[in-house]
Amino acid sequence: MLTIQIEQFERGITFQVHNQTAKITDYVKSCGTFRASNGWKVVIANCPEVDIRAKTVYLQGSNGRRDLRVSRNWDLISNYNRDKYISQVNSALAELANAVNAPTWQNCDRFFNQCTPRTYTFAYVN
Amino acid sequence: MKVYHVNNPSSPDLICFPVPAQSRGCSFPGLSWGKTVHLEYMLKKHEKALAFQVVRQSSAVSSFLQSGNRFQASNGLIIATGAATHPGWPDRGGNYPEYMESANILYLQGGNRDDGKIDTTTIDNNGRRDRKFKIVESALKEFVQFIKNGQYNRYTGGTEEKFFPQTGVYTL
């Protein structure tokens, strides 16, 4: 289960990971970097963040207070761009959830040998 | 610096005008007859957090705050700004829209490059977060009303456009 919240602001977004199971963490860690088909990457980090310039979503990795950190991006060019980024982030995370369900190795930077089909759901809170 | 309280029951008969230097009416560069006062903001709930952004702020609001005034809502929240355009402001922070929960102050736009910033406040539980949400929301509504109340009467005593509050009791 990966539950995230993305909120629209004026030419800005906030992003927060509410819930992230160990299996999601393990999968992304095993990959090193999960690469979605839209060019976005997903990485485990100390605290969640959406880095628009680097097209990277950082998920929870600290098991601490920083896991609930709200990531902010503002002064985006337009609300059109904002909505485009939101869509891209959602799409990349949905793809990650699907990959965890049925791992697609080409998305991973590093291969790993264990491949056990697992069931994950991807929840989007708005 | 003045702090304005709205409907303070301890001294309901006192009336002051937003800028006490004027004997009648006030000069706010951004406020003119019939002009609409805008204070558009976004306040959203996150898990154990609030996110706040000022989207649009009329110059009347900025003028009021940058004249060294603060507004205290009936729930106690103080609305202020610490703009770069107001040097010497004694408080820490306030150079961009920010909710300082511990100090019970909400800073609005101050007219600098960080005016569009999204501020986030971590709150230890969602019950408290919801209460704080209502406090901010209600204080902003009172504040807009406060500014608007001064909008519809204009004192035409000079070349500057001036106004004074039409209704409401503001205690100093």
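**Strand pairing in chain B and the contact with chain A**

In chain B, strand β3 and strand β8, the latter covering residues 119-122, run antiparallel and are joined by four bridges. Within this pairing, Leu50(B) stands opposite Thr121(B) of β8(B). The model in which these strands appear is predicted, and the description that follows should be read with that in mind.

Strand β3(B), which spans residues 49-57, also pairs with strand β2(B), residues 39-46, again in the antiparallel sense, and here the pairing extends over eight bridges. One of the bridge partners can be named at the residue level, since Leu39(B) is matched with Gln57(B) in β3(B). The two strands β2(B) and β3(B) form a hairpin with two residues between them, and in the turn Lys48(B) has a positive phi of about 55°.

Turning to the meeting of the two chains, 14 residues of chain A are in contact with 13 residues of chain B. On the side of chain A that touches chain B, the elements giving two or more residues are β1(A), residues 2-9, and β2(A), residues 12-20, and the largest share, four residues, comes from β2(A). By character, the residues on this side of chain A divide into four nonpolar, five polar and five charged.

As for confidence, chain A averages a pLDDT of 83, with 80% of its residues scoring at least 70. Over residues 111-121 of chain A, however, pLDDT stays under 50, although the model has 15 contacts beyond four places in sequence for this stretch. Where pLDDT is low, the predicted coordinates should not be read in detail.

Key: Residues numbered from 1 in each chain as written. Chains lettered and ligands numbered in written order. Predicted model: local features only at pLDDT ≥ 70, side-chain atom pairs only at ≥ 80, totals over all residues. pLDDT = per-residue confidence, 0-100. Contact = placed C-beta atoms within 7 Å. Nonpolar A, V, L, I, M, F, W, Y, C, P; charged D, E, K, R; others polar.
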